[in-house]
Amino acid sequence: MDCCCLWIKEPKLLVDSLSTDPEILRNNASKSKAVVDYKDWQVALSRRFKALKLWVVIRRHGLANLMYHIRRDIAMAKRFEALVGEDERFEIVVPRKFALVCFRLKPKVVEEDLNCKLVEAINSGGRAFMSHAVLSGIYVIRCAIGTTLTQQHHVDALWKLIQDKAQSLLM
């Protein structure tokens, strides 16, 4: 890649990464303005505010408890990643990062909106919420595990839900 092409792409990448409307937050409900977008109602996530939020969490729960929850969430994400890897209909698109697994349903024929339909089917039921991203032009589903009340049986139920919705789409 020549220097000129790199120079043109870098500002766009920077703007996209700092956007208040990134791809992972886009969905049909937000586009249609059918829901209130609460991300616009919060204090801006400046570096100082992020540090303050982390300080409050550590003071409230303690460092050892915070580390326990992070490790537990990562372990559940590893399990989810393994479940996805065992099903030949799916693929892991990029390696898991902490408790984030990016995967997709492999289409048998070129069908660009198959994974978009899968995310909509999962989210429409209200039992789980999945977000998406576009990585190198590939639409992927994001599974982020990271709440204090999530347990392994929730992850297993989520995977069963994803498989059921995928099976319905593939019929």
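Which residue forms a salt bridge with Arg96? In this predicted model, the partner of Arg96 is Glu81, and the closest nitrogen and oxygen atoms of the two side chains lie 3.3 Å apart. The pair links distant parts of the chain, since Arg96 belongs to strand β1 and Glu81 to helix α4, with their positions 15 residues apart in sequence.

A search of the whole structure finds 7 salt bridges, among them two further pairs that involve residues Arg72 and Arg79. Side chains of opposite charge can pair when their charged atoms come close. Arg79 forms a salt bridge with Asp156, for which the closest N and O atoms are 3.3 Å apart. Because Arg79 lies in helix α4 and Asp156 in helix α6, this pair ties together parts that are 77 residues apart in sequence. Arg79 counts as partly exposed, at 36% relative accessibility, and Asp156 likewise counts as partly exposed, at 28%. In the salt bridge between Arg72 and Asp73, the closest N and O atoms are 4.0 Å apart. Arg72 is buried, with a relative accessible area of 19%, a value that falls under the 20% limit for burial, and Asp73 counts as buried at 10% relative accessibility.

Helix α6 comprises the 19 residues 152–170, which at 1.5 Å a residue should span 27 Å, and the C-alpha atoms at its ends are indeed 27 Å apart, in agreement with that expectation. The buried residues of this helix are Val155, Leu158, Trp159, Leu161, Ile162 and Ala166. They cover an arc of only 160° around the axis and are therefore placed on the same side of α6. An α-helix has 3.6 residues a turn, so residues three or four places apart point the same way. The elements against which the buried residues of α6 pack are helix α4, strands β1 (90–97) and β2 (100–105), helix α5 (114–124) and strand β4 (138–144).

On the surface, a nonpolar patch is formed by Leu54, Ile58, Leu63 and Met67, which together have about 330 Å² of accessible area. Helices α3 (47–61) and α4 (63–86) are the elements that give two or more residues to this patch. Within the patch, Ile58 is found in helix α3 and counts as partly exposed, at 30% relative accessibility.

Methods: Residues are numbered from 1 along each chain as its sequence is written. This is a predicted model: local features need pLDDT of at least 70, side-chain atom pairs count only at pLDDT 80 or more; totals for chains, interfaces and linings use all residues. Side-chain values use heavy atoms; hydrogens and water are left out. Patches are made of residues with over 30% relative accessible area and no salt bridge: like charges are joined within 9 Å, nonpolar side chains (Val, Leu, Ile, Met, Phe, Trp, Tyr) within 5 Å. Accessible areas come from the Shrake-Rupley method with a 1.4 Å probe; for residues, only the protein chains shown count as cover. Helices (H or I, at least four residues) and strands (E, at least two) are DSSP runs, numbered from the N terminus. Buried means under 20% relative accessible area, exposed over 50%, partly exposed in between (1.4 Å probe, protein chains only). The expected span of a helix is 1.5 Å times one less than its number of residues. The arc is that of the directions from the helix axis to the C-beta atoms. Contact means heavy atoms within 4.5 Å.
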